[in-house]
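Visitor: I would like a close look at a single part of this protein. Please keep to one place and explain the terms as you go.

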Amino acid sequence: MAAAESCFKIILGSSSMARQRILAEMGYEFTIMTADIDEKSIRKEKPEDLVTALAEAKANAIMARLQHTDILENVACPTLLITADTVVVYKGTIREKPCNEDEAREFIKGYSGGHAAVVGSVLVTNLNSGASKGGWESAEILFYRFTSTTYLTK
């Protein structure tokens, strides 16, 4: 696979199992580093602005941490940092990760027979050159009316 033969190192700035699985299934080796940021302190009115700001804040936090390590020393190939964020917009309200299982169940129950938008961003930063490129995308999700909520109960 050509992707696995490329000369670059990847740092995934995310603990998301889905993001890890995507890179692993594509044959990439990568290091995981998470950003220690207070996501709730970053607020934007538009969901696309929020996910972009959060991906940038995560990248900045990880780059600051990397300055105090030797991870980038003696690396012959470029190192790419990938950060991302995703939110759901439901009835005009931005929903981030649920705080607990009960909130997750309430979110899911509310979607029954309705629709929501998922807005996500990705930022790729070349840690050697400092260049970065990112973007956001959204998708509309239509939900069937749930006839049984058995799987939504504890």
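Visitor: Which residues does arginine 95 touch, not counting residues up to four places away in sequence?

Guide: This is a predicted model, in which local features need pLDDT of at least 70, side-chain atom pairs count only at pLDDT 80 or more, and totals for chains, interfaces and linings use all residues. Residues are numbered from 1 along each chain as its sequence is written, and side-chain values use heavy atoms, with hydrogens and water left out.

Arginine 95 touches Val87, Val88, Tyr90, Phe107 and Tyr111, leaving aside residues up to four places away in sequence; contact means heavy atoms within 4.5 Å. Arginine 95 lies in strand β4, residues 93-95. Strands (E, at least two residues) and helices (H or I, at least four) are DSSP runs, numbered from the N terminus.

Arginine 95 is buried, meaning under 20% relative accessible area with a 1.4 Å probe, protein chains only. Yet arginine 95 has no salt bridge, that is, no side-chain nitrogen of Lys or Arg within 4 Å of a carboxyl oxygen of Asp or Glu. The nearest side chain of opposite charge, glutamate 103, is 7.2 Å away; Lys and Arg count as positive, Asp and Glu as negative, and His and the chain ends are not counted.

Of the residues touched, one is Val87. Val87 is also among the 10 residues of the largest nonpolar core, a set of buried Ala, Val, Leu, Ile, Met, Phe, Trp, Tyr and Cys residues joined through side-chain atoms within 4.5 Å. Helix α3 (47-66), β3 (79-90) and β5 (115-126) each give two or more residues to this core, and α3 gives the most, with five. Valine 51, another core member, touches Val87 as well.

Key
Buried < 20%, exposed > 50% of the residue type's maximum accessible area, 1.4 Å probe, protein only.
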